[in-house]
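Got your viewer open? Load the model, pick a colouring you like, and let's take a walk through it.

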Amino acid sequence: MLDFPGKQAKYRQKQGLSRVFLFTPAKHGAIIPLMSSITIPARADAHPKLRTLNILRDLPAVADLIEICFSSTMDSEGKRYVQDMRRAGNDNSFIKWANRAAETTSLPLSGYVWEENGRIVGNASLVPFRHNKQRLYLIANVAVHPDFRRHGIARALTERALQHAREKKVSDIWLHVRDDNAGAMDLYSKLGFAERARRTSWQAVTDIHTPAMNTDIAITNRHPRDWPTQQLWLSRLYPDLLAWHRNWNFRSLRPGFWNWLYLFFVDINIRQWTAVRRDHLEAALAWIPYGRGESLFVATGERSDPVAVTALLLQARRDLAHSHPNIALEFPSGDFDGAILAAGFKALRTLIWMQATL
Ligand SMILES: CC(C)(COP(=O)(O)OP(=O)(O)OC[C@H]1O[C@@H](n2cnc3c(N)ncnc32)[C@H](O)[C@@H]1OP(=O)(O)O)[C@@H](O)C(=O)NCCC(=O)NCCS
């Protein structure tokens, strides 16, 4: 699925592992430019209770900790993730593979834990990614047991994770934090992370009887002439800066015979609709059925009518009913929230994407 490019996706499928659930992680879709780089204090192995994650034996305890720390916000995907982690911790072939793959695969296989009397009470995972030939890390699963909070443990673990990145000569570090998690945001801001984007994940049930909107906007199949505008809008809404987190790109939406042939052979049934008012393109919607993730991609311009977005999403809820009970969308928070809600979608979470450059 989206978080597991290439080989890792296959391995994950084989092992029955679900995607990385990022327990870190947000109003406007704008990408916030990088203001400055930060200096991380050189505090390697800052504390005797802080040590490297040992995947041979720590995964079940880390899974327990994550379950306790994220119980109030954990959805079914999060629960599955924790189960996977426990299962992986008891699977010798996985552990053997994971030991070798920790620095190359986009799974939370390396990181740091904090121990009190032999018990893991703090964790910070490091998930490596590669984008445009550059390596980057996502810091995820930052969690401290409720009995041990406000003693600087999360700060020490996150600082150690940043130090790890520096040792590996990786200077681009990201994390996701829910927009209702002020404490964690404070922690990360103090460590030099800055907000780059806010994005909301939405979900809706499909229904063949979803009513159409009474509007002068017509919904049609995407016409090839709309592609340049759609592409431009998509590149603004799903910017390259954030593209390391996905293993697909928008080339598969191009019109033309060769792309059609390619999609035919790889058996991907992409659907595309446009919302048009008097020959004027208002918005476009694409459905890329990759895995279980956010598979709807809305393209809007700065002056697009929100009604067009609602009409497109209603169409998708209706047209996809025969094959998918639920559909999902991830989109910059803000301007079109009302339009997405009006189409019967429910906001699952809003994540702030924060970045630090070392
Ligand atoms: C967020 C969490 C990891 C913080 O762990 P912690 O060990 O208590 O954090 P620290 O003691 O290192 O705090 C460092 C700084 O973070 C900020 N901070 C941490 N918790 C805070 C809270 N509850 N309210 C306000 N600020 C908070 C403060 O600025 C704090 O510095 P200060 O103590 O000097 O004021 C912990 O509360 C937790 O596990 N929460 C549940 C899981 C979670 O939300 N994880 C983060 C996912 S992005």
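Here is a tour of this predicted model, one selection at a time.

**Stop 1: the whole chain**

Start with everything switched on. The protein chain has 358 residues, and 39% of them are buried. In cartoon view you can look for ten helices and twelve strands.

Now colour by pLDDT. The chain averages 85, and 86% of its residues reach 70 or more. Select residues 1-30, though, and you'll find pLDDT below 50; this stretch still has 83 contacts in the model beyond its near neighbours in sequence. Residues 33-44 are another stretch where pLDDT stays under 50, here with 18 contacts beyond four places in sequence. Don't read the predicted coordinates in detail where pLDDT is low.

**Stop 2: the two cores**

Next, select Ile139, Leu157 and Leu175. These are the residues with the most contacts inside the largest nonpolar core, which has 53 residues. Add strand β4, residues 134-144, to the selection: this strand gives the core eight residues, the largest share.

Then pick out Ala204, Tyr238, Ala283 and Val298. They are among the 35 residues of a second core, separate from the one you just left.

**Stop 3: strand β9 and its neighbours**

Select residues 280-287, which form strand β9. Is β9 largely enclosed or not, and why? Six of its eight residues are buried, so the rest of the structure largely encloses β9.

Bring in the strands on which β9 has bridges. One is β8, residues 271-277, which runs antiparallel to β9 and is joined to it by seven bridges. Click arginine 277 and look across to β9: its bridge partner there is histidine 280. β8 and β9 form a hairpin with two residues between the strands, and in that hairpin arginine 278 takes a positive phi near 45°.

The other is β10, residues 296-300, antiparallel to β9 and joined to it by five bridges. Select alanine 286 and you'll see it standing opposite phenylalanine 297 of β10.

**Stop 4: helix α7**

Keep β9 and β10 on screen and add helix α7, residues 227-237. Which residues of α7 are buried? They are Gln230, Trp233 and Leu234. These three sit on the same side of α7, because they cover an arc of only 100° around the axis. And what lies over them? The cover includes β9 and β10, the strands you already have on show. Turn to the other side of α7 and you meet Pro228 and Leu232, both exposed.

**Stop 5: two loop residues with positive phi**

One bit of background for the last stop: most residues other than glycine have a negative phi.

Select arginine 150, in the loop between β4 and α5 (153-167). Its phi is positive, near 60°, although the residue is not glycine. Is arginine 150 buried or exposed? With 8 other C-beta atoms within 10 Å, arginine 150 is exposed, because a residue counts as exposed at 12 or fewer.

Finish at aspartate 267, in the loop between α8 (257-265) and β8. Aspartate 267 also isn't glycine, and its phi is positive, near 60°. Aspartate 267 has 7 other C-beta atoms within 10 Å and is exposed.

Technical notes. Residues are numbered from 1 along each chain as its sequence is written. This is a predicted model: local features need pLDDT of at least 70, side-chain atom pairs count only at pLDDT 80 or more; totals for chains, interfaces and linings use all residues. Helices (H or I, at least four residues) and strands (E, at least two) are DSSP runs, numbered from the N terminus. A residue is buried if 20 or more other C-beta atoms lie within 10 Å of its own, exposed if 12 or fewer, and partly exposed in between; C-beta atoms are placed from the backbone. A nonpolar core is a set of buried Ala, Val, Leu, Ile, Met, Phe, Trp, Tyr and Cys residues joined through C-beta atoms within 7 Å. Two strands pair if DSSP finds at least two bridges between them. The arc is that of the directions from the helix axis to the C-beta atoms. Two residues are in contact if their C-beta atoms, placed from the backbone, lie within 7 Å. pLDDT is the predictor's confidence in each residue, from 0 to 100.
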